Structures are given as structure tokens and as C-alpha cells.
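Dear colleague,

I am handing over the structure we spoke about, and I would ask you to open it beside this message and look at each place as you come to it. My notes on what was found follow directly below.

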Amino acid sequence: MIALSISIAPMTTLSCVLATVNGGDLVRNILVMGICGTGKTTLAGRLAERLSCAMIEADEHHAPEAIARMARGDALTDVDRWGWLDRVGAAAHDTGVQTVIACSALKRAYRARLAERLGALDIIFLHGTRSLVVARMSQRTAHYMPTSLIDSQLAVLELPEGQDVLPLDIADPLDRMVDAAHDFATRPRQSARPFIPQGGKP
Ligand SMILES: Nc1ncnc2c1ncn2[C@@H]1O[C@H](COP(=O)(O)OP(=O)(O)O)[C@@H](O)[C@H]1O
Ligand SMILES: O=C(O)[C@H](O)[C@@H](O)[C@H](O)[C@H](O)COP(=O)(O)O
């Protein structure tokens with residue numbers, strides 16, 4: 001019954017719910033990661049809209065002290081980040097549907113922490129030149145993150161690897177990035193269960 005629904009439904013809220021039913025087997029949660037200013041919030045918002053899914057913005061789950069610290073130009077430490085990542089994971093889990101998560105998730109261990117709660121994630125990795133990131137951050141108004149923290153973020157960044165990772169160059173037009181992210185998130189997977197009609201062959 002579930003497989004039948006999937007075979008006829010486009011990537012709608014219905015299939016998002018089914019992702020949870022199937023433990024992420026068919027449709028996974030999606031992490032949009034990268035250093036500050038690479039466009040995580042922007043791309044994640046557009047992708048979630050396209051997939052009719054939920055979105056979680058990790059920035060909204062920082063402790064006030066962490067925000068104050070970053071605003072002063074002090075980078076966060078692992079100790080600051082564990083609780084934050086757990087709140088982000090819990091918030092994504094609590095949506096009960098497929099969720100696009102905008103979160104820097106710079107280290108492998110941070111991504112593993114999210115995956116502990118959410119299962120295997122599809123990862124969209126936003127990367128670009130330092131000068132473009134500076135330019136993008138500088139055009140942002142009323143945001144706590146100073147450009148002075150870019151270097152500490154780059155120093156901490158551990159590149160994601162593997163077949164579940166889509167790297168996107170942030171110099172590309174946003175619409176093209178959204179198309180690529182959508183194709184990636186909805187690609188057929190080997191782990192997907194085939195549709196087998198009752199009493200018949202696939
Ligand atoms: N593909 C893009 N092309 C042009 N500007 C972008 C693009 N993506 C994001 N921006 C702009 O760059 C700035 C940083 O984007 P944002 O989504 O806030 O990044 P992050 O969430 O990674 O910090 C914002 O002003 C945003 O409007
Ligand atoms: O929008 C941004 O500029 C970033 O997303 C920023 O707001 C984020 O909170 C930092 O990157 C801190 O996260 P880290 O723990 O990865 O330093």
C-alpha cells in the first residue's frame with residue numbers, strides 16, 4: 001500500500017510523510033551545510049518549498065550566549081556545539097516529515113551527531129571562494145555573524161565525501177542550484193524498495 005502511494009505520488013507532503021514511515025529508506029532528511037554566508041538558509045528555503053517539506057534553520061537553535069559570543073567575533077567550540085546540534089536534530093525529528101536542515105555542520109562528528117538522531121542524511125555542501133562569501137555576508141543586514149569568523153569556520157571545516165553528498169558552487173545561479181539540489185534529493189536510490197504489485201512481479 002505504501003509502495004503504491006509512492007509510485008503514483010510526486011514528491012509531495014505525502015511522500016515526505018512516507019519517508020518517516022520507512023525510516024528514511026526512501027526519502028531522507030537533507031542537510032544543507034557549509035561555512036557562514038554560503039547561502040544555506042537561502043537554498044534550504046527554496047528546496048523545502050520545492051519539495052513541500054519542512055525546513056529547520058539551525059541558527060534559530062543557538063543558545064543566546066552562543067549568539068553573543070559569535071557576534072563578539074569568538075568562534076564556538078565543540079562544547080558549545082553539541083547541545084546546539086542536538087536541539088537541531090530534535091527539531092528536525094519532531095517535524096515528523098522529511099526536513100531540509102540549514103546548518104553549518106562543519107565537522108564530520110557534527111554531521112554524525114545529527115545522523116544519530118535523524119538517520120542517514122543527504123548532504124548538500126555549499127562552497128565558494130572566500131571573497132564571494134565575504135561579499136555575500138557583507139550584503140546581509142542585521143545578522144550576528146561577523147565576516148571575521150570566516151577563517152575560523154574554514155579552519156574547522158571537514159569536507160563531506162561520498163555518494164550521498166552533492167557539492168554546489170555558490171557562484172552558480174540560485175535557480176540552477178535549486179534544480180540540482182532537487183534532482184539530487186529525489187534521485188532513485190539503490191536502497192529504495194521496488195514497487196511490487198500484489199501477487200505480481202515488479
Ligand atoms: N545563490 C545566491 N546568489 C546570490 N546571493 C545569494 C545566494 N545565496 C544566498 N545569497 C545571499 O547571500 C547572503 C548569505 O546567504 P544566507 O542564505 O544567509 O547564507 P548562510 O545561511 O549560509 O549563512 C544573503 O544575503 C543571501 O540573500
Ligand atoms: O548564517 C551564518 O552565518 C551561519 O550559519 C551562522 O549563523 C552559524 O550559526 C555559524 O556558522 C555558527 O555555527 P558553527 O557552530 O558552525 O560555527
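The sulfur of Cys36 lies 13 Å from the closest cysteine sulfur, which belongs to Cys103, and that is too far for a bond. Please keep in mind throughout that this is a predicted model. As a reminder, a disulfide is a covalent bond between the sulfur atoms of two cysteines. Seen from the other side, Cys103 is in no disulfide either, with the sulfur of Cys36 as its nearest cysteine sulfur, and the structure as a whole holds zero disulfides. Cys36 counts as buried, at 6% relative accessibility, and Cys103 likewise counts as buried, at 1% relative accessibility.

Cys36 also leads to the ligands, since it is one of the residues around ligand 1, a set that includes Ile35, Gly37, Lys40, Arg136 and Leu174. Which side chains make polar contacts with ligand 1? In Thr42, a side-chain N or O atom is 2.6 Å from an oxygen atom of the ligand, while a polar side-chain atom of Arg140 lies 2.7 Å from an oxygen atom of ligand 1. For Gln139, the distance from a polar side-chain atom to an oxygen atom of ligand 1 is 3.4 Å. Taken on its own, ligand 1 has 560 Å² of accessible area, and the protein covers 78% of it.

Arg140 appears again at the second ligand, where one of its polar side-chain atoms lies 2.8 Å from an oxygen atom of ligand 2. There are 16 residues around ligand 2, and those that come nearest are His62, Arg81, Ser104, Tyr144 and Gln153. Two of these names return among the polar contacts: a polar side-chain atom of His62 lies 2.7 Å from an oxygen atom of ligand 2, and for Ser104 the corresponding distance is 2.4 Å. The protein covers 98% of the 400 Å² of accessible area that ligand 2 has on its own.

Turning to the aromatic rings, a search of the whole structure finds one aromatic pair. Its members are Trp82 and Tyr110, whose ring centres are 5.4 Å apart and whose planes stand at 85°, so the pair is edge-to-face; the cut-off behind that word is an angle over 60 degrees. Because Trp82 lies in helix α5 (residues 78-95) and Tyr110 in helix α6 (residues 108-118), the pair ties together parts that are 28 residues apart in sequence. Are the two residues buried or exposed? Tyr110 is buried, with a relative accessible area of 1%, whereas Trp82, at 26% relative accessibility, counts as partly exposed. In another place, Arg187 lies over the face of Phe184, at 4.1 Å from the ring centre.

Lastly, you may like to look at Glu65, which has its place in helix α4 (residues 64-71). Glu65 is exposed, with a relative accessible area of 58%. Between Glu65 and Leu132 there are 29 Å in space, taken from C-alpha to C-alpha, and the two residues are 67 residues apart in sequence.

With best wishes

Notes: Residues numbered from 1 in each chain as written. Chains lettered and ligands numbered in written order. Predicted model: local features only at pLDDT ≥ 70, side-chain atom pairs only at ≥ 80, totals over all residues. Heavy atoms only, no water. Phe/Tyr/Trp six-rings, centres within 6.5 Å; stacked < 30°, edge-to-face > 60°. Helix = DSSP H or I, 4+ residues; strand = E, 2+ residues; numbered from the N terminus. Buried < 20%, exposed > 50% of the residue type's maximum accessible area, 1.4 Å probe, protein only. Lys NZ or Arg CZ within 6 Å of the ring centre and 35° of its normal. Near = heavy atom within 4 Å. Polar contact = N/O pair within 3.5 Å; in protein donor to acceptor, adjacent residues only side chain to side chain. Areas by Shrake-Rupley, 256 points an atom, 1.4 Å probe, with all protein chains shown as cover. Disulfide = S-S within 2.5 Å.
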